[in-house]
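The following paragraphs lead through one structure, residue by residue and pocket by pocket. Please keep the sequence and the coordinates at hand while reading.

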Amino acid sequence: KDLPEFFAFFKNALNKEFPEYKKKTKEYMLDYGYSLKRIKKGLKTGGWQLFLAFVSKKIVGFLLARIQFGGVAWGEWLAVDEKYQGKGIGSALLKTWEKQVLQDGAHQLQFITFLKESSFYQKRGFFLVGKTPNAYFGVDNYYFYKNLRKPDEQNFLKDYLKKGKSI
């Protein structure tokens with residue numbers, strides 16, 4: 001029920017908080033790659049997870065991530081309204097995501113972000129793997145990961161194993 005409000009927030013955040021992307025690229029993302037229709041489908045089919053932060057029933061932040069596969073959960077977008085940045089909302093979203101993916105069987109989080117965000121992730125236990133210049137949509141990408149626990153098939157294959165499969 002919060003998807004229309006989320007999408008309006010996402011559109012605003014993309015336009016304000018991500019100057020690395022050019023105007024046409026942002027239009028493409030909103031029309032195709034991250035359209036409301038595509039996000040709805042990804043949430044419905046279980047490909048994506050969406051975590052929302054509210055203040056007085058108003059969305060002030062979100063984290064959009066892929067579900068864990070092989071023990072790795074991939075974060076795609078994290079944004080907090082500029083009026084609420086520095087108040088722990090981004091950290092709370094990451095912690096909520098971490099708790100959820102641990103239940104889902106993950107052992108690691110991964111995120112691509114920009115140089116300006118590096119210290120935010122590093123302060124929250126993420127390690128910088130490296131930089132890919134001119135990557136997605138022609139912008140420099142910085143790859144981060146955070147280990148949550150030791151990899152174990154009993155965790156990341158738990159749904160498969162529940163179907164009577166054995167290791």
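A92 counts as partly exposed, because its relative accessibility of 38% falls between the limits of 20% for buried and 50% for exposed residues. This residue is found in helix α4. Its C-alpha atom is separated by 10.0 Å from that of F51, although the two residues are 41 apart along the chain. The model under discussion is a predicted one, and every value given here is computed from it.

Helix α4 also leads to the pockets. Rolling a probe the size of a water molecule over the atoms shows where empty space is left. The largest pocket has a volume of about 840 Å³. It is lined by 37 residues, and those closest to its centre are F18, E76, W77, L78 and F111. Several elements of secondary structure contribute to this lining: α2 (23-33), β3 (72-80), α4 (89-104), β4 (108-113) and α5 (118-122) each provide at least two residues. Strand β3 gives the largest share, with seven residues. In terms of class, the lining of the largest pocket consists of 20 nonpolar, nine polar and eight charged residues.

The second largest pocket holds about 240 Å³ of space. Its lining comprises 13 residues, of which Q68, D104, F156, D159 and Y160 are the closest to its centre. Two or more residues of this lining come from each of α4, α6 (153-156) and α7 (158-162). Helix α7 supplies the largest share, namely three residues. Divided by class, the lining of the second largest pocket contains five nonpolar, four polar and four charged residues. Helix α4 thus appears among the elements that line the largest pocket and among those that line the second largest pocket.

Which residue that lies among the closest to the centre of the largest pocket also takes part in a salt bridge with R66? The residue is E76, whose side chain meets that of R66 with an N to O distance of 2.3 Å. This pair links distant parts of the chain, with E76 in strand β3 and R66 in strand β2 (residues 58-66), ten residues apart. The two partners fall into separate classes of accessibility. E76 counts as buried because its relative accessibility is 14%, a value under the limit of 20%. R66, at 34% relative accessibility, counts as partly exposed.

A search of the whole structure finds eight salt bridges, and two others may be considered beside the pair of E76 and R66. In helix α2, the side chains of E27 and K24 meet in a salt bridge of 3.2 Å from N to O. These residues are separated by about one helical turn, because they are three residues apart in helix α2. E27 is partly exposed, with a relative accessible area of 30%, whereas K24 counts as exposed at 64%. At the start of the numbering, D2 forms a salt bridge with K1, and the closest N and O atoms of this pair are 3.7 Å apart. Here D2 counts as partly exposed at 24% relative accessibility, while K1 is exposed with a relative accessible area of 91%.

The surface also carries a nonpolar patch. It is formed by Y28, Y32, Y136 and F137, which together have about 500 Å² of accessible area. F137 has its place in the loop between β5 (127-132) and β6 (141-147). With a relative accessible area of 43%, F137 is partly exposed, and it therefore passes the requirement of over 30% that applies to members of a patch.

F137 also draws attention through its backbone. Most residues other than glycine have a negative phi. F137, although it is not a glycine, has a positive phi of about 55 degrees. A further case is S56, which is not a glycine either and has a positive phi of about 50 degrees. S56 lies in the loop between β1 (48-55) and β2. What is the accessibility class of S56? With a relative accessible area of 71%, S56 is exposed, because this value is over the limit of 50%. F137, by contrast, is partly exposed at 43%.

Terms used. Residues are numbered from 1 along each chain as its sequence is written. This is a predicted model: local features need pLDDT of at least 70, side-chain atom pairs count only at pLDDT 80 or more; totals for chains, interfaces and linings use all residues. Side-chain values use heavy atoms; hydrogens and water are left out. Patches are made of residues with over 30% relative accessible area and no salt bridge: like charges are joined within 9 Å, nonpolar side chains (Val, Leu, Ile, Met, Phe, Trp, Tyr) within 5 Å. Accessible areas come from the Shrake-Rupley method with a 1.4 Å probe; for residues, only the protein chains shown count as cover. A salt bridge is a side-chain nitrogen of Lys or Arg within 4 Å of a carboxyl oxygen of Asp or Glu. Helices (H or I, at least four residues) and strands (E, at least two) are DSSP runs, numbered from the N terminus. Buried means under 20% relative accessible area, exposed over 50%, partly exposed in between (1.4 Å probe, protein chains only). On a 1 Å grid over the protein atoms alone, a cavity is a set of points where a 1.4 Å probe fits but cannot get out, and a pocket is an open set with protein on both sides within 12 Å along at least five of seven lines; lining residues have an atom within 4 Å of a point. Grid points are joined across faces, edges and corners, and a volume is the space filled by probe spheres set on the points. Ala, Val, Leu, Ile, Met, Phe, Trp, Tyr, Cys and Pro count as nonpolar, Asp, Glu, Lys and Arg as charged, and the others, Gly among them, as polar.
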